[in-house]
Amino acid sequence: MLSCRVVKGRPATLRVIYRRLLRAFGPQGWWPARSPFEMMVGAVLTQATNWRNVERAIARLRRAGALRPQGFLALRRGELEGAIRPAGYFRQKAKRLRAFARWYVTRYAGSPRRMFRTPWPTLRHELLGLHGIGPETADSILLYAGAVPVFVVDAYTVRVFTRHRLLSRKATYDMGQRLAGRSLPADAALYNEFHALLVAVGKRYCHRRSPDCAQCPLGDLPHTIEVSA
DNA sequence: TGCCAGGCCGGGT
DNA sequence: ACCCGGCATGGC
């Protein structure tokens, strides 16, 4: 069995990964949203869901005038479910989005300025307390809507880091965050681009079943084998 | 056709 | 503290 802790990697390794990804894919320009509220809605909609399907759902919400908090909350439950249906898990996500929107309006008057005036560790705690918002969704919101320098760990991040022996197979969310925190400066623009690039390379080369590692632009990395047996 | 996608919750050990 | 089934549509 592999050990459960973060594997010791040279600090340089993550920087090497970042440079190679940036050269291979270019800047990704995340998050693709026109407003903080739209971004945060998208963060829930994309949970375990292809972004293509999320785009459809967002377009339908836009047509319904529901990409502003007031317009969103004006929708009946059935209307909301219908609008986001293409994104899958639509009943679950309708419930989660309503909980989020109610919180956003009552606690912060639907204002991103007010929301992100709260110290981010407190804000993160509040987000995690909402139904349907877990670590990845909360951190995505902090990073992409609030430019808070938190490293987002998603399935692709874990898969890419695991394949390259930076994390053990049983790595947890905060192991991934600690790895990044130790190896990278706390820079929101860097974390923004890095996460988007990890998704890009993951989609193309690092699937669950058939990793196409031979073609992966990361190639061989220095100093990455430290997994204890 | 089957497998997968930018997770999270709730109930069971 | 983990482990697992459920949630659902659309693309390849």
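Around DNA strand B, the predicted model places 27 residues, of which Gln 47, Ala 48, Gly 134, Thr 137 and Ala 155 come nearest. Three helices each supply at least two residues of this surface: H9 (135–146), H10 (155–163) and H12 (188–205). Helix H9 provides the largest share, namely four residues. In chemical character, the surface near DNA strand B divides into 12 polar, 10 nonpolar and five charged residues.

Turning to the other strand, the residues around DNA strand C include Ala 48, Thr 49, Asn 50, Arg 52 and Asn 53, together with Arg 85, Pro 86 and the run Gly 88, Tyr 89, Phe 90, Arg 91 and Gln 92. Two or more residues of this surface come from each of helix H3 (51–63) and helix H6 (90–108), and H6 gives the most, with three residues. Here the division is five polar, four nonpolar and three charged residues. Ala 48 is worth a second look, as this residue is listed around DNA strand C and is also among those that come nearest to DNA strand B.

Away from the DNA, attention moves to the nonpolar interior. The largest nonpolar core holds 55 residues, and Met 40, Leu 45, Ala 57, Ile 84 and Ile 141 touch the most other members. Helix H2 (residues 36–45) contributes the largest share of this core, seven residues. Both domain 1 (11–29 + 153–215) and domain 2 (36–146) give at least three residues to the core. For Ala 57, the contacts beyond neighbours within four places in sequence are Leu 45, Ala 83, Ile 84, Pro 86 and Ala 87. Of these partners, Pro 86 also appears around DNA strand C.

Terms used. Residues are numbered from 1 along each chain as its sequence is written. Chains are lettered from A and ligands numbered from 1 in the order in which they are written. This is a predicted model: local features need pLDDT of at least 70, side-chain atom pairs count only at pLDDT 80 or more; totals for chains, interfaces and linings use all residues. A residue is near a molecule or strand if its C-beta atom, placed from the backbone, lies within 6 Å of it. Ala, Val, Leu, Ile, Met, Phe, Trp, Tyr, Cys and Pro count as nonpolar, Asp, Glu, Lys and Arg as charged, and the others, Gly among them, as polar. A nonpolar core is a set of buried Ala, Val, Leu, Ile, Met, Phe, Trp, Tyr and Cys residues joined through C-beta atoms within 7 Å. A residue is buried if 20 or more other C-beta atoms lie within 10 Å of its own, exposed if 12 or fewer, and partly exposed in between; C-beta atoms are placed from the backbone. Domain bounds come from an automatic or database domain assignment. Two residues are in contact if their C-beta atoms, placed from the backbone, lie within 7 Å.
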